[in-house]
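Thanks, everyone, for making the time this morning. I would like to walk through one model with you, going from a single helix outwards to the packing around it, and I will ask you to keep the structure on screen while I talk.

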Amino acid sequence: MQTVDLFLFAGQSNMAGRGIPCERFPETAPALIPGAGWEYRAVSAPGRLFPLEEPFGRDENRIGGISEHLKTGSMVSAFVNAYYSETHVPVVGVSASKGGSVMAEWQPGTPYLNDALNRLAAAKDWLNHHDYKIRRIFVLWCQGESDGDAGTEKEAYLQGFDRMLTAMLCAGVERLFLVRIGHCNLEGGFFRYVPMMEWQEEIARTNRPVTMVSRKFSSMRERGLMKDAFHYYQAAYNEAGREAGENAAAWLRLHMKP
């Protein structure tokens, strides 16, 4: 029986991934370390596991649910490589990210959260019936730029996050690993997302079952690693993914159940 950790990769466009190489930053997404993990395609091909590769979740589009057709390369492969290198436990990844989504669209009963939790349930069911042992279930979450653009109030965002998180916990998720958003690359927009970044810090330092695993995106604008106003070159996704994977694994080492 193969032991795996099950991850739902969820949020908006910087989780879905808009990564591309360029002349200055030619780095592409890393190939997966042999044995480090697989993708479970709950929508497009739910009958087996697939090699995890970029663009991760490219074909996982559901009419009436999460549909995201602009994926070019994400942080997921770098995350899984780093996590596996530290834990030596493979990851089964499930894609559930939607560009441009606000927290109000991730509430219990909404199409996006319903779809995400259904994808997670399908993965659990398939693994349990095909000789896999699920050791832990986690979410890697990156979202918030669209709420910053929409002017979402702090209490509405925090309360919405808590409702979403409670639904995830009820679905069997043990912990949410949080990747903090970065800055806006519009002229004069450097401070546009600072309140959201502060709210996400508050979420992580409270008693919520949430751990901040990367703040790397906040340094990308100054380093020229943003390809447009909101998204990053692949080298940036790789860097954030590696840090997130290492820190998720570090949390796990400190909290291993006997």
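The buried residues of α5 are Tyr157, Leu158, Gly160, Phe161, Met164, Leu165, Ala167 and Met168, and I should say at once that we are looking at a predicted model. As for the spacing of those positions, an α-helix has 3.6 residues a turn, so residues three or four places apart point the same way. What, then, covers the buried residues of α5? The cover includes the helices α3, α4 and α6, together with the strands β5, β6 and β7.

The length of this helix can be checked as well: α5 has 17 residues, which at 1.5 Å a residue should span 24 Å, and because its end C-alpha atoms are 24 Å apart, the expectation and the model agree. Just after α5, Gly172 adopts a positive phi of about 105°.

Let me now turn to the wider packing. The largest nonpolar core contains 46 residues, and Trp141 and Leu176 are the ones with the most contacts inside it. Among the elements that give two or more residues to this core are β1, β4, α3, β5 and α5, while the largest share, 8 residues, comes from α3. If we leave aside residues up to four places away in sequence, Leu176 touches Val139, Trp141, Phe161, Met164, Leu165, Met168, Pro209, Val210 and Thr211, and of these Phe161, Met164, Leu165 and Met168 are also on the list of buried residues in α5. There is, in addition, a second and separate core of 36 residues, which includes Ala36, Val76, Tyr84 and Ala248.

Next, the strand at residues 2-11, that is, β1. Of its 10 residues 8 are buried, so β1 is largely enclosed by the rest of the structure. β1 pairs with β5 in the parallel sense over 10 bridges, with Phe7 standing opposite Phe138 in β5, and 7 bridges join β1 to β4, again in a parallel arrangement, where the bridge partner of Gly11 is Ser97.

Finally, the empty space. How many cavities of 30 Å³ or more does the structure hold? There are 2 of them, and the largest encloses about 70 Å³ of space. Its lining consists of Glu39, Arg41, Ser44, Glu53, Glu54, Pro55, Phe56, Gly57, Arg58, Asp59 and Glu60.

Key
Residues are numbered from 1 along each chain as its sequence is written. This is a predicted model: local features need pLDDT of at least 70, side-chain atom pairs count only at pLDDT 80 or more; totals for chains, interfaces and linings use all residues. Side-chain values use heavy atoms; hydrogens and water are left out. A nonpolar core is a set of buried Ala, Val, Leu, Ile, Met, Phe, Trp, Tyr and Cys residues joined through side-chain atoms within 4.5 Å. Buried means under 20% relative accessible area, exposed over 50%, partly exposed in between (1.4 Å probe, protein chains only). Helices (H or I, at least four residues) and strands (E, at least two) are DSSP runs, numbered from the N terminus. Contact means heavy atoms within 4.5 Å. The expected span of a helix is 1.5 Å times one less than its number of residues. Two strands pair if DSSP finds at least two bridges between them. On a 1 Å grid over the protein atoms alone, a cavity is a set of points where a 1.4 Å probe fits but cannot get out, and a pocket is an open set with protein on both sides within 12 Å along at least five of seven lines; lining residues have an atom within 4 Å of a point. Grid points are joined across faces, edges and corners, and a volume is the space filled by probe spheres set on the points.
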